[in-house]
Amino acid sequence: MKKPIIAAILATTALAGPALAQDPVTLTIESWRNDDLGIWNDTIIPAFEASHPNIHVEFAPTAPAEYNAALNAKLDAGSAGDLITCRPFDASLELYNKGQLADLTDLAAMANFSDVAKSAWQTDDGAHTFCVPMASVIHGFIYNKTAFDELGLQEPTTVDEFFAVLDKIKEDGTYIPMAMGTNDQWEAATMGYQNIGPNYWHGEEGRKALIAGTQKLTDEDWVAPFEQLARWKDYLGDGFEAQTYPDSQNLFTLGRAAIYPTGSWEIGVFRPQIGDAFEMGAFPPPVQNAGDTCYISDHTDIGIGMNAATAHPEEAKEFLEWVGSPEFAQLYGNALPGFFPLSNAQVTLDDPLAQEFISWRDQCESTIRSTYQILSRGTPNLENETWNASANVIRGTETPADAAARLQQGLESWYKPGEAAQ
Amino acid sequence: MAARRATRWHIAVFLAPAVLVYTAVMILPLFGTLNLSLYRAEGFVGLANFRTLFGDPHWSEQFWNALRNNVWFFIIHMLVQNPIGILLAALLSSPRLRLAAFYRTAIFIPTILSFVIVGFVWKLILSPIWGIAPSMLQAVGLKFLFQPFLGQEETALTTLALISVWQFVGIPMMLIYAALLSIPDEVLEAAEMDGITGWSRFWKVQLPLILPAIGIISILTFVGNFNAFDLIYVAQGALAGPNFATDILGTFLYRTFFGFQLQLGDPNMGAAIATAMFLIILAGVCVYLFAIQTRLRRYQF
């Protein structure tokens with residue numbers, strides 16, 4: 001593990017000498033975000049090259065589904081790019097453990113990021129960070145503001161208000177109260193359980209306690225979100241059991257549903273589809289009692305690290321420092337509304353809905369999805385089991401208590417708290 | 001002077017391409033898979049993977065669930081697809097039927113469609129939100145019969161099996177149709193002379209003559225169903241929802257071998273499942289070959 005660092009340091013001293021006018025060094029970025037190719041080429045890279053004329057950057061994405069396999073093959077063959085876009089948690093941790101991602105703990109820009117933001121790209125003990133956090137997605141509820149105004153409804157802040165709003169929409173009958181289906185399962189877990197859950201398990205406190213083994217999935221705080229999900233059933237559209245994710249998106253964008261439990265990544269998708277048909281608003285997951293601290297899932301999704309075998313570690317680090325800077329956060333956040341920079345820097349976003357989402361970071365405590373770190377390493381896989389359990393609970397075929405007991409039993413069968421750091 | 005015949009090299013030469021290609025793309029991978037199932041990341045472990053698969057409740061529960069669903073999938077095909085296929089073939093071979101070529105083509109077309117198209121089209125037809133199934137039922141006042149068929153544990157698997165039947169009913173139809181056409185007119189005329197016509201001709205003369213074809217269709221259906229994967233994956237995803245109600249051996253294998261979402265792939269356990277599938281299919285085919293096929297009487301015309 002230490003070797004790459006030494007190599008990097010040696011390379012630094014070697015390069016420090018002749019800093020005269022040279023041809024620019026070319027850095028290549030490996031990424032799965034091929035959707036963002038235009039944004040990188042037109043906005044981000046020109047901005048970087050303008051201030052760093054000695055470095056030329058090339059963004060070379062692969063298709064998302066092939067990325068992990070292609071990257072591993074390239075890294076093994078020594079033909080991977082200098083900069084590596086990092087998947088969160090285990091996929092990148094494995095690369096670091098193999099010595100293929102460089103340790104970036106000492107990067108100055110790391111000070112711009114909170115511990116939660118860095119946790120997706122750290123060793124289990126948090127001692128080494130190997131990717132610079134780039135973006136996260138925030139969960140919450142997007143709603144049809146025009147419909148709310150029509151029915152005289154306010155954004156709910158507590159769970160009781162939330163259900164009162166749902167009741168009123170249902171009573172009125174013009175709109176489906178909430179657009180969600182259980183066919184694809186992941187929405188139930190990601191946009192349901194992981195969306196409302198942090199308010200019950202107090203964000204990081206509960207998530208860490210679960211990893212430490214001091215809390216169990218059968219504890220009240222972890223069962224309560226399932227209990228709320230079970231109540232959602234009555235407010236979903238007819239035949240929600242067979243409703244898919246695109247169905248739910250369409251129900252909302254066509255103005256047939258009033259509330260859409262979601263994540264911020266939809267902003268960029270919904271904007272052009274809805275156009276001027278109606279106005280969108282967003283509210284964070286409602287808390288149990290008025291005045292409670294609110295918690296949001298601000299899930300770390302994309303980071304960027306350095307290939308330990310790069311020929312230009314110095315320039316690569318320069319680029320990474322820039323990625324950690326407020327300037328990058330500003331550029332990236334506006335180019336991709338809904339993918340929020342993880343930096344602590346104050347960022348002004350142009351999109352009002354994106355502004356709304358990011359403003360929750362000031363009011364609420366941030367956490368990440370509870371199943372992503374460490375707890376989904378074994379079989380049965382906790383994340384995938386949670387999909388199934390959440391969908392079952394919403395459909396009413398499994399009680400919240402049974403679902404929680406099943407998840408805990410599955411987790412206990414392979415996970416022994418305390419051994420995680422090894 | 002019967003000189004000993006020279007070694008007939010041409011036989012080996014002509015067989016070689018097929019044998020080599022088949023060995024390279026079928027036999028070697030098959031043994032590779034069997035071999036893989038005896039290893040774990042740490043090395044050779046004997047039958048430990050199978051002990052996990054059948055002994056660990058988390059694995060065995062999923063395996064038996066997938067097998068049960070697979071058997072049900074097969075039963076639906078045998079009870080619905082093949083009788084309908086035979087019926088259609090019998091109707092098509094009737095000389096009084098007009099437009100027979102058109103029907104034959106129309107019924108056979110779904111078979112050549114991609115699974116992706118079939119899965120997607122049926123998902124849309126049955127969609128409670130946009131589908132034409134609910135509105136058509138409403139038009140005839142039967143809306144109460146509509147349910148989100150693909151989203152309920154009780155109905156999802158049967159619905160998917162019926163979609164698969166819709167897609168593949170053309171194959172038994174064509175095979176039986178060909179078998180029916182190969183029955184010489186003399187046989188049928190002789191039956192007619194004996195006063196056997198209409199349906200009784202079908203039951204007493206034609207059906208016994210096409211039994212070998214039905215046997216072949218059954219075994220093709222068996223192998224096809226126990227290797228099925230595509231339709232379920234397209235319609236319900238790798239987690240084969242709702243609550244694994246549509247999980248069959250193919251989707252279970254895929255999930256295990258390639259991994260899914262945060263679950264990393266496990267090639268060794270995947271190979272163990274593939275081996276179990278291979279043995280199940282092998283057993284089924286053996287039962288057919290030795291217990292059924294040998295008892296079928298064949299008629300030469």
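So, to start: of the contacts in chain A with a separation of 6 or more, what percentage comes from residues 24 or more positions apart? In chain A, that figure is 79%. Before I go on, please keep in mind that this is a predicted model.

Let me stay with chain A for a bit. Its secondary structure comes to 17 helices and 10 strands. If you run the principal axes through the C-alpha trace, chain A spans about 75 × 50 × 40 Å. The radius of gyration is 23 Å, and a compact globule with 422 residues would be near 22 Å, so chain A agrees with that expectation. As for burial, 50% of the 422 residues of chain A count as buried.

Okay, the nonpolar cores. The largest one has 154 residues, and the members that touch the most others are A:Leu101, A:Met178, A:Ala257, A:Ile304, A:Phe319 and B:Ile273. Which element gives the largest share of this core? That's strand E4 of chain A, residues 131-144, with 9 residues. And here's the part about domains: domain 1 of chain A (2-135 + 298-350) and domain 2 (138-297 + 369-412) both give residues to this core, so it lies between them. Apart from it there's another core, of 11 residues, including B:Leu88, B:Ala89, B:Met173 and B:Ala179.

Let's zoom in on A:Phe319, since it's on that list of core residues with the most contacts to other members. If you ignore its neighbours within four places in sequence, A:Phe319 is in contact with A:Leu27, A:Phe48, A:Ile55, A:Val57 and A:Leu83.

Another residue to click on is A:Gly192, in helix H8 of chain A, residues 186-201. Buried or exposed? A:Gly192 has 26 C-beta neighbours inside 10 Å, and the cut-off for buried is 20 or more, so A:Gly192 counts as buried. Not counting residues up to four places away, A:Gly192 touches A:Glu187, A:Leu229, A:Pro261, A:Ser390 and A:Ile394. Also, the C-alpha atoms of A:Gly192 and A:Ala391 are separated by 9.2 Å, with their positions 199 residues apart along the chain.

Now, where the two chains meet. The contact takes 27 residues from chain A and 20 residues from chain B. On the chain A side, helix H11 (245-253) and helix H16 (382-395) each supply at least two residues. H16 of chain A gives the largest share of that side, 7 residues. And by type, the chain A side divides into 6 nonpolar, 15 polar and 6 charged.

Over to chain B. There are 13 helices and 4 strands here, and the C-alpha atoms fill a box of roughly 85 × 75 × 30 Å along the principal axes. Of the 301 residues of chain B, 30% count as buried. For contacts between residues at least 6 apart in chain B, 67% join residues at least 24 apart.

From the record, UniProt has an unreviewed entry that places "domain: ABC transmembrane type-1" at residues 67-290 of chain B. In the model that span is 72% helix and 2% strand, and its end C-alpha atoms lie 23 Å apart.

The UniProt entry, again unreviewed, also puts "transmembrane region" on several stretches of chain B, among them 158-183 and 231-257. Residues 158-183 of chain B are 88% helix and 0% strand, with the end C-alpha atoms 35 Å apart. Residues 231-257 of chain B come out at 56% helix and 0% strand, and there the end C-alpha atoms lie 18 Å apart.

Key:
Residues are numbered from 1 along each chain as its sequence is written. Chains are lettered from A and ligands numbered from 1 in the order in which they are written. This is a predicted model: local features need pLDDT of at least 70, side-chain atom pairs count only at pLDDT 80 or more; totals for chains, interfaces and linings use all residues. A nonpolar core is a set of buried Ala, Val, Leu, Ile, Met, Phe, Trp, Tyr and Cys residues joined through C-beta atoms within 7 Å. A residue is buried if 20 or more other C-beta atoms lie within 10 Å of its own, exposed if 12 or fewer, and partly exposed in between; C-beta atoms are placed from the backbone. Domain bounds come from an automatic or database domain assignment. Two residues are in contact if their C-beta atoms, placed from the backbone, lie within 7 Å. Ala, Val, Leu, Ile, Met, Phe, Trp, Tyr, Cys and Pro count as nonpolar, Asp, Glu, Lys and Arg as charged, and the others, Gly among them, as polar. UniProt positions are given in the numbering used here, feature names are shortened, and annotations may be inferred rather than shown by experiment. The radius of gyration is taken over C-alpha atoms; the globule rule is 2.2 Å times the number of residues to the power 0.38.
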